[in-house]
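Visitor: I am new to this structure and would like a close look at a single part of it. Please take one exposed spot in a loop as the starting place, and then connect it to the rest of the chain.

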Amino acid sequence: MKAIGNMPSHYRYLCVSHLLGWTAFLCNMLFFTDFMGQIVYKGNPYSDHNSTSYASYERGVEVGCWGLCINAVSSALYSYVQRFLLPYIGLKGLYFVGYFVFGMGTSLIGLFPNIIATLILCSVFGVMSSTLYTIPFNLIAEYQQEEEEQLKLRGGGESGRGTGVDCAALTCMVQLAQILVGAGLGALVNMAGSVIVVVLSASTVSLFGCIFIVLFIRCVD
């Protein structure tokens with residue numbers, strides 16, 4: 001907390017956007033198989049275990065696991081594709097695209113919970129996970145390099161804040177997002193009476209993150 005408080009504003013904004021991204025991502029991922037079972041396959045986990053509705057729920061959970069496998073594959077592929085997109089849209093552009101694609105994809109999943117469409121749109125989860133694991137840390141590296149160059153021009157010494165501290169503060173946003181999602185999303189599902197709220201919440205937070213990136217995230221020229 002002390003490190004975050006002493007950070008320049010653009011570092012803190014990056015931490016906030018990372019928190020928004022992980023909150024959106026975890027909203028979806030932690031409840032996705034349940035969403036597939038209840039909403040897409042129209043099953044009921046509270047039915048008798050020998051009932052058709054319970055079998056449908058189990059089938060939905062199984063297919064949801066395959067959807068998470070699609071997420072992993074698309075994450076690896078998009079991580080490779082990023083290097084080709086970087087010269088054209090830059091780090092901030094890649095950051096925005098990751099949040100925007102995820103936000104639109106999850107909104108479509110929530111509005112049109114079709115089996116085939118949902119599995120295809122699972123690929124957007126990989127775009128988001130790849131973005132979260134790479135772009136913020138690349139931005140941290142750029143900020144640090146910029147600070148070092150400015151210190152050299154002024155003839156000063158090393159910065160009092162190391163790269164490791166900045167990366168650690170950024171990574172802590174993942175844990176904070178887990179706390180927020182774990183504490184709040186279950187109650188939100190109970191209030192709404194349907195797990196469809198998880199993908200819509202993920203979409204809303206992610207699209208809000210897009211706006212935050214545009215307004216507050218600074219990219220080094």
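Guide: Lys 42 is exposed, with a relative accessible area of 66%, where exposed means over 50%, buried under 20% and partly exposed in between, with a 1.4 Å probe and protein chains only. Lys 42 sits in the loop between α2 and α3, and although Lys 42 is not a glycine, its phi is positive, at about 55°. This is a predicted model, in which local features need pLDDT of at least 70 and side-chain atom pairs count only at pLDDT 80 or more, while totals for chains, interfaces and linings use all residues. Residues are numbered from 1 along each chain as its sequence is written, and side-chain values use heavy atoms, with hydrogens and water left out.

The two helices beside this loop belong to a chain with seven helices and zero strands, where helices (H or I, at least four residues) and strands (E, at least two) are DSSP runs numbered from the N terminus. The C-alpha trace of the chain spans about 75 × 35 × 25 Å along its principal axes, and of its 221 residues 44% count as buried.

From the loop one can turn to α2, which covers residues 9-40. With 15 residues, α2 gives the most to the largest nonpolar core, a core being a set of buried Ala, Val, Leu, Ile, Met, Phe, Trp, Tyr and Cys residues joined through side-chain atoms within 4.5 Å. Of the 52 residues in this core, Leu 14, Phe 25, Phe 35, Tyr 95, Phe 125 and Leu 139 touch the most other members, and the elements that give two or more residues to the core are α2, α3 (52-111), α5 (123-154), α6 (163-192) and α7. One of those named, Tyr 95, is in contact (heavy atoms within 4.5 Å) with Leu 14, Ser 17, His 18, Thr 131, Ile 135, Pro 136, Leu 139, Ile 213 and Ile 217, not counting residues up to four places away in sequence.

Aromatic rings offer another way to follow α2. The whole structure holds 13 aromatic pairs, counted for rings of Phe, Tyr and Trp (its six-membered ring) with centres within 6.5 Å, and planes under 30 degrees apart are stacked, over 60 edge-to-face and the rest tilted. The centres of the rings of Tyr 13 and Phe 212 lie 6.1 Å apart and their planes stand at 80°, so this pair is edge-to-face. Because Tyr 13 lies in helix α2 and Phe 212 in helix α7 (residues 196-216), the pair ties together parts that are 199 residues apart in sequence. Tyr 13 is partly exposed, with a relative accessible area of 32%, whereas Phe 212 counts as buried at 11%. Ring pairs also link Trp 22, Phe 25, Phe 32, Phe 35, Phe 102, Phe 125 and Tyr 133 into a cluster.

On the other side of the loop, helix α3 contains Thr 106, which counts as buried at 0% relative accessibility. Leaving aside neighbours within four places in sequence, Thr 106 is in contact with Asn 28, Phe 125, Val 199, Ala 202 and Ser 203. The C-alpha atoms of Thr 106 and Thr 204 are separated by 9.1 Å, with their positions 98 residues apart along the chain counted as the distance apart. For the chain as a whole, among contacts between residues at least 6 apart in sequence, 78% join residues at least 24 apart.
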